Amino acid sequence: MATKIKLMRLGKMREPHYRIVVADARTKRDGRAIETIGEYHPKSDPSLIKLDGERAAYWLGVGAQPTEAVTAIMKATGDWQKFKGLPAPEPLRYPAAKPDKQERFNAALAEISGEPTGEATTAPKKRPAKAAKSAAKAAESATPVAESATPVAESATPVADAAEGGAPTESPDASASTES
């Protein structure tokens with residue numbers, strides 16, 4: 001039976017993931033596989049390639065033919081050169097290790113709790129019309145209360161003087177009210 005080392009597509013639209021499989025040459029692309037020997041994720045940066053080099057060397061040794069895409073992947077990992085006896089390529093790039101979620105949270109919290117380092121790019125909008133209206137209303141409401149309190153205080157003074165036994169003094173307002 002003729003065997004091929006090929007890619008089996010997985011994943012959803014625009015997010016492909018591949019398994020590197022050994023399968024009969026007559027099977028469909030995503031058909032039944034004899035053995036899975038690796039993974040390939042082309043969308044991650046850099047591409048993620050996991051390949052079991054020993055199993056790949058075994059299958060190449062028993063006559064399995066890799067497809068063009070798998071040959072390129074094997075050359076990138078160095079398994080093809082090892083099988084052919086060629087010098088090894090430069091090592092693969094691996095993605096940088098992600099910091100722990102707790103560390104990222106603490107860093108973000110420290111950044112937020114600190115005071116802003118610069119001024120805001122735009123000044124906040126001021127609403128002078130609303131502030132002026134409220135100040136005018138406060139001034140109007142304070143004025144009538146003060147005027148009504150003043151005559152009560154003046155009228156209370158002559159009564160207090162009369163109670164003490166002294167002669168009541170006439171205020172200008174009191175004389176105007178008696179004359180009319």
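**Close-up views of a predicted model**

**View 1. Ile5 stands opposite Pro66 in S5.** The model shown here is predicted. Two strands meet at this spot: S1, residues 3-12, and S5, residues 65-66. They run parallel, and 2 bridges join them. Pro66 also appears in View 4, where Pro66 is in contact with Thr71.

**View 2. S1 and S2 make a hairpin.** The two strands run antiparallel, joined by 10 bridges. S2 covers residues 15-24. Lys4 stands opposite Ala23 in S2. Between the strands lie 2 residues. Arg14 sits in the turn and has a positive phi of about 65°. S1 thus takes part in two pairings, so the directions can be set side by side: antiparallel with S2, parallel with S5. Strands of a sheet pair through backbone hydrogen bonds, in either a parallel or an antiparallel way.

**View 3. The open sheet and its helices.** The sheet has 5 strands in the order S4-S3-S2-S1-S5, with mixed pairing. S4 (48-51) and S5 are the edge strands, and each pairs on one side only. Helix H1, residues 53-61, packs on the sheet. H1 touches S1, S2, S3, S4 and S5. Its direction makes about 120° with that of S3. H2 packs on the sheet too, touching S1, S2, S3, S4 and S5. The direction of H2 makes about 90° with that of S1.

**View 4. Thr71 in helix H2.** H2 spans residues 68-77. Is Thr71 buried or exposed? Thr71 is buried: its relative accessible area is 16%, under the 20% cut-off. A polar atom of its side chain lies 2.8 Å from the backbone oxygen of Thr67. Leaving aside neighbours within four places in sequence, Thr71 is in contact with Pro66 and Trp80.

**View 5. A stacked tyrosine pair.** A search of the whole structure finds 3 aromatic pairs. One of them is formed by Tyr18 and Tyr40, with 6.1 Å centre to centre and 25° between the planes. The pair counts as stacked because its plane angle is under 30 degrees. Tyr18 belongs to strand S2, Tyr40 to strand S3 (residues 35-41). The pair links distant parts of the chain, 22 residues apart. Tyr40 is buried, with a relative accessible area of 18%.

**View 6. A tilted pair in helix H3.** Trp80 and Phe83 form this aromatic pair, 6.3 Å centre to centre. Their planes are 45° apart. Why is the pair tilted? The angle is neither under 30 nor over 60 degrees, so the pair counts as tilted. H3 covers residues 79-84. Trp80 and Phe83 are 3 residues apart in H3, so about one helical turn separates them. Trp80 is buried at 16% relative accessible area. Phe83 is partly exposed at 35%.

**View 7. Helix H4, hardly covered.** H4 has 13 residues, 101-113. How many of its residues are buried? The count is 0. At 1.5 Å a residue, H4 should span 18 Å. Its end C-alpha atoms are 18 Å apart, so expectation and model agree.

Methods
Residues numbered from 1 in each chain as written. Predicted model: local features only at pLDDT ≥ 70, side-chain atom pairs only at ≥ 80, totals over all residues. Heavy atoms only, no water. Phe/Tyr/Trp six-rings, centres within 6.5 Å; stacked < 30°, edge-to-face > 60°. Helix = DSSP H or I, 4+ residues; strand = E, 2+ residues; numbered from the N terminus. Buried < 20%, exposed > 50% of the residue type's maximum accessible area, 1.4 Å probe, protein only. Expected span 1.5 Å × (residues − 1). Pairing = 2+ DSSP bridges. Polar contact = N/O pair within 3.5 Å; in protein donor to acceptor, adjacent residues only side chain to side chain. Contact = heavy atoms within 4.5 Å. Axes fitted to C-alpha atoms, helices over the stretch in contact; angles between N-to-C directions.
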